[in-house]
Amino acid sequence: MEWLIDLIGPGHTELASTLVLYSFVIAAGIFLGKLKIGGISLGVTFVLFVGIIMGHFGYIVNPEVLKFVREFGLILFIFAIGIQVGPGFFSSLKKGGVLLNGLAVLIIALNVAIVLSIFYIDGNTGIEALVGVMSGAVTNTPGLAAAQQTAGSTEAINIMAMGYAAAYPLGVIGIILSMLIVKAIFKIRTEDEIKAIEDEIESSQQKPLILSFEVTNKLIDGKTLYELHQILDCDFVVSRLMGADGKVIIPTSKTELHVGDKIFVVIGPADEMKFQGVIGHEIEMDWEEVQSQVYSRRIVVTQSKYNGVPLGDLRLHTAYSLNCTRVNRAGVDLLASPNLRLQMGDRLVVVGDLNDIERLGVRLGNSMKRLNQPNLITIFVGILFGIIIGSINVGFGMKLGLAGGPLVVAILLSRFGYKFKLVTYTSSSASLLMRELGICLFLASVGISSGRGFADTVFNTTGMWWVIWGFIITFVPLLIVGIIARGVYKINYLTIMGLVSGGCTDPPALAYANNSTGSDAPAVAYSTVYPLTMFLRVVAAQALILCFF
C-alpha cells in the first residue's frame, strides 16, 4: 500500500502524484460547483476552493511545473475568451451599445476608485491584496490572472488568490442584491418590463422579411430588376418570379418585370412599405406548392478559402443560375447583399435547380464534419503572437503580459483573421472545452499554491476586512449605476440586470436574471457590454499593480 500512499498522499511532487492531485481538484471542484444554494451555483470557481483546501492539508506541486500549468491554463482561457467575444467587440462599440458600454465603464471606474480610496485611507492593506479582492468582488478571473502575471512574485500571487477567494462568494450575492434593491426603489414589476421588451423587439425587428407580391404598377412594366434597385434605393433579393404563363424562373438583374408577375422577395422590415408602394400589393402564395424546377436549400460554408470573401464574388447568377436569399450566421438571418463577407460556418439559403445547388455545395464545402475539426494553426499562431505582443513594453513599464497579449490578438484575429487567410471559426463545444480546461488548470494551480497560508491569512481580522471591502467594491458601484440607468435613462429593468451581470462578467448572476425573468433580454445586454468590460477589467487590474505595487 506504500505505493498508493506515495501516489495520493500529501507532500509528493512526482509527476504521477501531480497528475492525480490536479485531476482530483478539478473533478471535485466542478462537481461541487454544480450544487445550487438559493438557486445560484458558483460554477467552475469551486476548483479554486478545492485547491485551497488541498494546499492547506499539505499537498504541493513542483514550483516550475505549477508555474507552467498555471500560465498555460491562463493563456488557453484568455485566448478562448478573446475568440468568443471578438466578433461582438467592435460592433458593441457602435451606436446601439454606446450607452450600455458607457455605464459598464462607469462601474469599472467606480470599482477602481473605491480600491484606491481603501488603499490610501486604510493604509494597512497592500495593493496586491486589494486587486485580488476587487477581482473576486466583481467575479473576474481574467483580471486576477493578469494582475498575478504582472506582479510575478510568488507571495503577491498567493495574496491575490486569497483576496479573490475571500471576496468571491459575497461578490455574487452583492451583484444579485443590487438588482433587487433597484427593483424595490423604482417599484418595478417584472411582468411589465418583459412586455415592454417584447413590444420593442416586435416593433424594431430587423430580421429580413420573406414576402410575395404581385406586380400591379404599370409605371414599372418592362423595368429590369437592376433598374428597380436604382428606383427603390434599398436592399432586397427577388428569389423567384412567376410570369403570366405560370412558369417559375430564377431572376437576374437583367430580368424584366411585367404587370401580373408574381415575385418572392426577401427584404428588410424598414423597406417593406416602400417596396409595396412601387411594386404592388402583397399576396399569399405557397411557392413550395408551385410545380417548378426551382428548389430552396441551405449550403454551409466549410471551405476556408471563402472565409472573408464577399458574397458577390461567388457570381451565383452567372456561374450557377442561383439566387442567395439570406445568410444565417450563428442563428441570425442576414440579408444576402453582395458586399456581405462570408465566414466559416455561414449557412446560405439558395434557390435554383438542384444540380446547380449541388455544384455550389461542392465548391463551398457544405460539410458539417469539416466544421467540427478545430483550427489548431490559428489557435497556436494567435498564442504565439499574443505572447510576443504581451512582452512588449507599451510605456510606463506596462506590458499586456500573458493575459492581455493573447486577449488582444484573439479579439483582432476573430475580426480580421480572414485577411491573413486564418480561419477563426471554432465550434461552440471546442471553444467551451478550451476555455473550461484553461480556467480549471489555472484555478487549481492558484488554489494549491495559496492553500498553505490561506486559513492563517483569511480567518482573522484581516480576512474579515477583505470580505467587507469586497462587498463594498461590488455593491456600491452597481447600485449607483443601476439607479442612474433606471432613473436617468429609463432603461428597461431586464436590460439593467444584464448590464449589471455583464459589468462584472458574472455568469451566475446572469443565470439568476434569465431564470427569474424567463427572458433572453438580460443575456442580450450582457453580451453587449461583456467584450469591452472583459478587456478593461484585465487592463485595470494590471494598471493598479504596475502603478502601486
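These questions and answers look at how the labels on this predicted model follow from their cut-offs.

Residues are numbered from 1 along each chain as its sequence is written. Local features need pLDDT of at least 70 and side-chain atom pairs count only at pLDDT 80 or more, while totals for chains, interfaces and linings use all residues, and side-chain values use heavy atoms, with hydrogens and water left out.

Q: Why is Y120 called exposed?
A: Exposed means over 50% relative accessible area, buried means under 20%, and partly exposed is in between (1.4 Å probe, protein chains only). Y120 has a relative accessibility of 56%, so it counts as exposed.

Q: What makes F548 partly exposed?
A: Its relative accessible area is 29%, so F548 is placed in the partly exposed class.

Q: Why is the pair of Y120 and F548 called edge-to-face?
A: Rings of Phe, Tyr and Trp (its six-membered ring) pair if their centres lie within 6.5 Å; planes under 30 degrees apart are stacked, over 60 edge-to-face, and the rest tilted. Here the centres are 6.3 Å apart and the planes make an angle of 85°, so the pair is edge-to-face. A search of the whole structure finds nine aromatic pairs, and ring pairs also link F119, Y120 and F548 into a cluster.

Q: Why does this pair tie together parts that are far along the sequence, 428 residues apart?
A: Y120 sits in helix α5 (residues 95-122) and F548 in helix α22 (residues 521-548), so the pair joins parts separated by 428 residues in sequence. Helices (H or I, at least four residues) and strands (E, at least two) are DSSP runs, numbered from the N terminus. The chain has 22 helices and nine strands.

Q: How do you know that T141 is buried, and what does it touch?
A: T141 has 9% relative accessibility, so it counts as buried. This residue belongs to helix α7 (residues 141-151). Contact means heavy atoms within 4.5 Å, and, leaving aside neighbours within four places in sequence, T141 is in contact with Y164, I439, F442 and L443.

Q: What makes a group of residues a nonpolar core, and how many residues has the largest?
A: A nonpolar core is a set of buried Ala, Val, Leu, Ile, Met, Phe, Trp, Tyr and Cys residues joined through side-chain atoms within 4.5 Å. The largest has 99 residues, and V25, W466, I473 and L499 have the most contacts inside it. Helix α8 (residues 154-185) gives the largest share of this core, 14 residues. A second, separate core of 19 residues includes Y306, V309, I357 and L360.

Q: How do you know that the buried residues of α11 are on the same side?
A: In helix α11 (residues 272-279), the buried residues are E272, F275, V278 and I279. They cover an arc of only 140° around the axis, which puts them on the same side of α11; the arc is that of the directions from the helix axis to the C-beta atoms. M273 and G277 are exposed on the other side.

Q: What makes a space a cavity, and which residues line the largest?
A: On a 1 Å grid over the protein atoms alone, a cavity is a set of points where a 1.4 Å probe fits but cannot get out, and lining residues have an atom within 4 Å of a point. Grid points are joined across faces, edges and corners, and a volume is the space filled by probe spheres set on the points. The count comes to one cavity of 30 Å³ or more, and the largest holds about 50 Å³. Its lining includes F79, I83, N375 and T378.

Conventions. 1 Å grid on protein atoms, 1.4 Å probe; cavity = no way out; pocket = protein on both sides within 12 Å on 5 of 7 lines; lining within 4 Å.
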